[in-house]
Amino acid sequence: MRISVVGLGKLGAPIVAVLASKGFEVIGIDANPLFVEKVSDHIAPVEEPGLQELFTQHKARISATEDWSNAIGTADITCIIVPTPSGADGAFRNDYVLSAIDNIGRVLAKKSSYHLIVVNATTMPGSVGGPIRQRLEQASGRKVGPDLGLCYNPEFIALGDVIKGLLHPDFVLIGESDKKAGDLLESVYRKVVGAQADIARMNLVNAELTKISINTYVTMKISFANMLGEICDRLEGADASVVADAVGRDSRIGKKYLTPAIGYGGPCFPRDTIAFGRVAHLLGARAELALATDAINRRQVVRLTEIVTGMIPSGGTVAVLGLSYKPSTPVIEESQGVLLAKSLQEAGLVVLAHDPMAQGAAQTVLGESVRIVPSTREAVQQADVTVITTPWPEYAAIGPDWAHDGRRRFIIDCWHQLDAQAFAGSCAVVRLGQQVTMAASTKRLAAE
Ligand SMILES: NC(=O)c1ccc[n+]([C@@H]2O[C@H](COP(=O)([O-])OP(=O)(O)OC[C@H]3O[C@@H](n4cnc5c(N)ncnc54)[C@H](O)[C@@H]3O)[C@@H](O)[C@H]2O)c1
């Protein structure tokens with residue numbers, strides 16, 4: 001079976017590699033000629049752990065082209081993995097998908113055999129069975145049904161962990177125009193995830209709503225934990241991590257994503273939650289949980305800015321450690337570290353920043369007003385207050401001996417990576433959501 005993949009970006013390129021690793025012939029196509037050239041040369045076009053290895057090992061089954069006839073005409077299945085950016089109202093836009101569909105449809109018009117179109121890009125509920133199906137039928141002159149299948153198949157992957165996420169998902173979600181289309185896609189997935197894996201099949205609109213429901217439920221848990229954290233910042237004797245850990249032991253709740261720290265970011269969580277609220281609004285329904293989840297998330301940078309400005313001496317320097325939205329990726333979209341660096345700079349502080357992978361992207365966004373330093377040690381040594389915003393493993397290696405020059409320093413340890421006791425006498429490690437430490441630190445600083 002031959003599969004074409006339209007869009008060779010952060011999700012598309014790993015899907016090409018994983019399908020090839022399971023024995024499928026895969027041909028990629030992208031509007032960006034550089035990505036086509038890289039995939040043709042078997043060079044991973046995006047940074048993702050394990051991706052280059054798969055491209056190298058399975059290069060015999062991977063090709064790429066700029067020629068739509070070649071990509072679509074020679075394939076049995078076409079996956080569409082192009083951007084669906086959020087509009088100003090929070091709804092996902094279909095422009096890139098529709099443009100790809102126009103190109104695909106022109107080739108399908110000249111092809112008579114069965115073809116399955118799979119939309120993997122995130123869409124608003126009603127899009128795939130509505131405007132996307134309409135455009136496919138218009139452009140190809142064919143009807144979705146026995147000769148032309150249409151599926152919606154979103155992936156629940158996290159950047160930095162995409163290959164593992166694709167090979168070992170909790171479950172696979174397939175929205176299908178009809179049984180034949182769903183059976184074909186399920187047969188592909190069985191080769192990827194195995195005979196025992198959980199595959200949920202449903203109609204197109206249910207699958208679209210399921211995708212954003214899952215992400216909105218997860219962000220709701222994150223915002224709940226952060227709400228708890230803010231209460232514990234102010235409640236004498238309270239520790240949000242102790243409370244959240246106990247709350248998560250209840251099997252109705254569970255511990256995953258119930259970690260009081262800072263807000264969520266990245267290319268999916270924030271916009272999927274906003275889109276969920278938008279779907280409700282467009283239908284005249286209410287989605288207060290989604291709106292509150294988003295509002296609590298936006299509050300987290302304000303909360304941290306207040307904490308930093310409350311403890312830093314006038315004219316002081318703050319270092320933000322972690323600019324990618326999570327470890328193991330250079331992606332800075334909606335990253336809390338970047339948002340915090342901007343907010344602290346706007347509050348008039350001298351801001352330094354560090355990240356093992358995202359320095360380049362972050363500097364472009366932050367400009368010259370934030371100085372990116374090459375090493376963690378340099379950042380900590382130069383700052384009065386250091387905030388660890390992304391739990392990169394290397395930040396757990398910050399040592400009490402890094403700052404022994406008598407200068408008073410604070411480290412705000414958002415992800416509880418450091419042993420606060422070990423730092424006694426060198427600098428104060430403040431754990432978010434732990435009022436006692438906070439109060440002690442601010443009192444100590446106020447006394448100086
Ligand atoms: N990245 C993630 O973590 C993730 C996770 C789940 C879902 N998604 C969804 O997958 C979709 C793609 O996301 P991404 O992160 O891979 O985006 P991306 O920007 O990294 O890659 C998209 C690629 O599509 C290409 N492209 C754009 N228009 C095209 C067209 N008309 N024809 C051919 N190629 C075209 C671009 O050049 C780019 O290389 C989005 O809907 C996103 O919401 C992404």
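User: Which atom of the ligand does a polar side-chain atom of threonine 84 lie close to, and at what distance in Å?

Analyst: Happy to help! In this predicted model, a polar side-chain atom of threonine 84 sits 2.7 Å from an oxygen atom of the ligand. To read such a pair, check that both atoms are N or O and lie within 3.5 Å. Arginine 271 gives another case: an N or O atom of its side chain is 2.7 Å from a ligand oxygen. With threonine 122, a polar backbone atom is 3.0 Å from an oxygen of the ligand. The protein covers 88% of the 830 Å² of accessible area that the ligand has on its own.

User: How many residues surround the ligand, and which helix gives the most to that shell?

Analyst: There are 25 residues around the ligand, and Lys10 and Asp30 are among the closest. By type, the shell holds 15 nonpolar, six polar and four charged residues. Helix H5 (residues 95–108) gives the most, with three residues.

User: Now the sheet, please. In what order do the strands come, and why is one side of E3 and of E8 left without a neighbour?

Analyst: First, the general idea: strands of a sheet pair through backbone hydrogen bonds, either parallel or antiparallel. Here, eight strands make an open sheet with mixed pairing, ordered E3-E2-E1-E4-E5-E6-E7-E8. Strands E3 (62–65) and E8 (199–202) stand at the edges with a single partner strand each, so one side of each has no neighbour in the sheet. From one strand to the next, the twist averages 25 degrees.

User: Which strand does E1 run parallel to, and how many bridges join the two?

Analyst: Strand E1 (residues 2–6) runs parallel to strand E2 (residues 25–29), joined by five bridges. For instance, isoleucine 3 has valine 26 in E2 as its bridge partner. Helix H1 (residues 12–21) packs on the sheet and touches E1, E2 and E3.

Methods
Residues numbered from 1 in each chain as written. Predicted model: local features only at pLDDT ≥ 70, side-chain atom pairs only at ≥ 80, totals over all residues. Heavy atoms only, no water. Near = heavy atom within 4 Å. Polar contact = N/O pair within 3.5 Å; in protein donor to acceptor, adjacent residues only side chain to side chain. Areas by Shrake-Rupley, 256 points an atom, 1.4 Å probe, with all protein chains shown as cover. Helix = DSSP H or I, 4+ residues; strand = E, 2+ residues; numbered from the N terminus. Nonpolar A, V, L, I, M, F, W, Y, C, P; charged D, E, K, R; others polar. Pairing = 2+ DSSP bridges. Axes fitted to C-alpha atoms, helices over the stretch in contact; angles between N-to-C directions. Contact = heavy atoms within 4.5 Å.
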